[in-house]
Structures are given as C-alpha cells and as structure tokens.
Amino acid sequence: MTDAALVGRILREYRLGPATVRRRYGSVSGPQVGYRLRRPGGGTMLVRAYRADQPLAPYPRGSGTASVTDWLPGRAATLDWLAARGYPAPRVVATRTGDPVGVAGAWLTWATSDIPGRALAPGGGQAGLLGSALGQLHALGAPLPEEAPLPAAAPGLASWPGLASWYPATAIPVAMRRLGAVVTLLPGEWRPLHEQFRRTLLALQRAAAALPVAVVHGDPWPGNAVVTAGGRVTLIDWENGGLGLPVVDLGQCLLKCHLDPGLPEDRPEAWHVQPDPHRIAAVLNGYTRWRRLADAELAILPEGIRFGAAYIGAIHFERALIDGVHGAIMDARLGLLRNRIAVSQAIADLAARHLGEH
C-alpha cells in the first residue's frame, strides 16, 4: 500500500474533504505511520495508523497486551478520561461512525486534535511549566471504584483509562522475564548493568502496593510538551499513557528534563544527561504546586528515576543477546543506558535535597 492509498482511506474513515497531508514518522512498509492533516478551512489533526496484523512493539507491551487491537482503545480511552475532567491534552477525533478507533483496510487508526504552540525553549528555563503540567495530571488521581468501565458494546464511549506502558503489575514481570532469558549470555562487562536493572525492577515490584496510582503520561520530557498561547505547557504524544505510578512518571521527567527538543539524532552523546540542580528544582517547584509526594514515593524515588532505563534495558539486552542485534546503534543504546544509571543517584539526591528544603 502507498501513502496515497492509506491517506485516502483515512479521509473516508473520518469523513474529511481535501486536506494537506504530511507524514510525521514511520512508513507504510512498516508497522506504523503517522500523518498531520491540515484542512483548507482551518484546523489540524494527527492520525496514527498501526498494522492490525502485526504484534505490538515491545516497548508498550507493559500495558499487558501484545495486540494492537486490544491496546489502541486504551489509548483513546485515556484521552477521553482526561477530556471529561478538563485536563489540557489532545482530544480524540471520532470516526464517521462515532468510534474512537478507525479501520482502514489492514490498518487501525487513532486520530487526535493537533495542539498548536511552540516547543519548550532550550536551556531548561521552562522546566517549571513541564513540572506543573505533570503535577496537574497526577493530581487527578485514578478512577474511583464507582466509575465502572463501560461495556465493550458501548461504541465510542469510555470511562476507564487504559494501562500505561509501565503499569507495574504487567510491565515488571515482562521485563524480569527478558532479563532472566539473557543471564547465561551476558558478557562480563554487562553484568553490573543487568544486576542494577534487576534490583530496580524488584524494588518497584515490592513497593508498588503501597504507592499511589494515577493516570500518567509515560514519557514526560521537553520533546513531548508544547507551550500554548496562554503560556502553559500541554503534554502531547500519549501512546504510553494510562494508569500507572506517578513516582515513575516524575522520575522519568526529572531525568529527561535535562534534554532539549530537537537534539540531533546522529549524535548519541547529545542525549546523555548531566544533572542540573536548576532544572531539577524547576520541575519540582512546578510539580509540587499541584501535588505532594507521599512518604512511600519519596523513599522509592531513586528507583523511579532508574525504572525507565531498567525496563528499556531489558528490551535492548534481549535484542542484542538473543536476537543478535549489534553495531553502532546498539552500542549507542547501551551507552545511553549506562549514562542514565550513572547519573540517577545524583539526580535523586538533588531532588531529595530540594524537596527537603521546601
């Protein structure tokens, strides 16, 4: 199938007239592709398309499913849940039949509004806005027990968000199995990293029952944030969002707030983090305007900062040692993981010091 053929089906599925279409990422020859559509009369929307006959990519399988068909409605349901509470985020665009997920031949589609605005300014000066957007999100909490999920037979409606890619009850066992599968294949120099991943996963698994659950973003960093006309930050790209642990979401933000949008893809070292106390303080000042961490979250925050590296590291270890993926790209990924682990404690110490002073 060509881009033109898929876009034609998308236009019909959403009852759209002529539109200017730009491919944002992916390819019709792969498992997923995304488009930005601009209509002549104004208004822009994003459409993500996924091959329904291919398994879900490894990263989001922590939500508990390997099927795109099962996973995609949860993404739309999460945004619907946020919309019902007035939280600023992209809004789901329904198909011509009112469904949140469309069908375009072998492809499933998920359309959302496009958030107009500008990227966060380089240098971390707007890190507080990012922290505020995340704190406001986590302050919404989780669905109440009486908010029972609507029956599957109710098309286009959802009162229960999906599970985040890092939902602990599903993500941690999957990552632990990956680490277990490669243990006899580890080169000696990889063993300390492997052991740290294992310690982090087990620590979060033991602590999870006592930790607050809320709707989380899954990848809150400056590249997934837009400064809108009102001077506030709106989080975009919710593929990994859903119910999860706020302390892991915040940990990811404290680590990745050090990265600026637009970093060069061909320079892996540009993606390495050096702890900046000013960025960390700004994120926490914005965050705590909306939400304070519980004692159990404060105790586990260092592992929350490391959790993303542990979860992704298990995938990379499996690909390198079982699937045989080698070369410069894998070397860069392993270098990035080493950097994340190396700086995690310093970031946790700076965060704890700042929280203790305020």
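In the predicted model, Asp260 counts as buried, with a relative accessibility of 17%, and Arg279 is likewise classed as buried, at 8% relative accessibility. The two residues form a salt bridge in which the closest N and O atoms are 3.1 Å apart. Because Asp260 lies in the loop between helix 6 and helix 7 (277-288), whereas Arg279 belongs to helix 7, the pair ties together parts that are 19 residues apart in sequence.

Across the whole structure, 14 salt bridges are found. One of them links Arg199 to Glu195, with the closest N and O atoms 3.9 Å apart; both residues lie in helix 5 (residues 191-207), where a separation of 4 residues corresponds to about one turn of the helix. Arg199 is partly exposed, its relative accessible area being 42%, and Glu195 is also placed in the partly exposed class, at 32%. The side chains of Asp53 and Arg51 meet in a further salt bridge, at 2.6 Å from N to O, and Arg51 counts as partly exposed at 22% relative accessibility. In addition, Arg48, Asp237 and Glu239 are linked in a network of salt bridges.

Towards the N terminus, strand 1 (20-26) runs antiparallel to strand 2 (residues 32-38), to which it is joined by 6 bridges, and Thr20 stands opposite Arg38 of strand 2. The hairpin that connects these two strands passes through 5 residues. Strand 2 is also antiparallel to strand 3, with 7 bridges between them, and here Tyr35 is placed opposite Val47 of strand 3. This second pair forms a hairpin with 5 intervening residues, and Gly42 in the turn has a positive phi of about 110 degrees.

Strand 1 and strand 3 each supply at least two residues to the lining of the largest pocket, as do helix 2 (68-84), helix 6 (246-256), helix 8 (295-321) and helix 9 (328-357). The volume of this pocket is about 1900 Å³, and of its 46 lining residues, Tyr59, Asp219, Lys256, Ile312 and Arg333 lie nearest the centre. Helix 8 provides the largest share of the lining, with 7 residues. By residue class, the lining comprises 25 nonpolar, 9 polar and 12 charged residues.

Elsewhere, Val233 is found in strand 9 (residues 233-235) and is buried, with a relative accessible area of 7%. When neighbours within four places in sequence are left aside, the contacts of Val233 are with Leu120, Leu129, Leu130, Ala133, Ala225, Val226 and Val227.

Methods:
Residues are numbered from 1 along each chain as its sequence is written. This is a predicted model: local features need pLDDT of at least 70, side-chain atom pairs count only at pLDDT 80 or more; totals for chains, interfaces and linings use all residues. Side-chain values use heavy atoms; hydrogens and water are left out. On a 1 Å grid over the protein atoms alone, a cavity is a set of points where a 1.4 Å probe fits but cannot get out, and a pocket is an open set with protein on both sides within 12 Å along at least five of seven lines; lining residues have an atom within 4 Å of a point. Grid points are joined across faces, edges and corners, and a volume is the space filled by probe spheres set on the points. Ala, Val, Leu, Ile, Met, Phe, Trp, Tyr, Cys and Pro count as nonpolar, Asp, Glu, Lys and Arg as charged, and the others, Gly among them, as polar. Two strands pair if DSSP finds at least two bridges between them. Buried means under 20% relative accessible area, exposed over 50%, partly exposed in between (1.4 Å probe, protein chains only). Contact means heavy atoms within 4.5 Å. A salt bridge is a side-chain nitrogen of Lys or Arg within 4 Å of a carboxyl oxygen of Asp or Glu.
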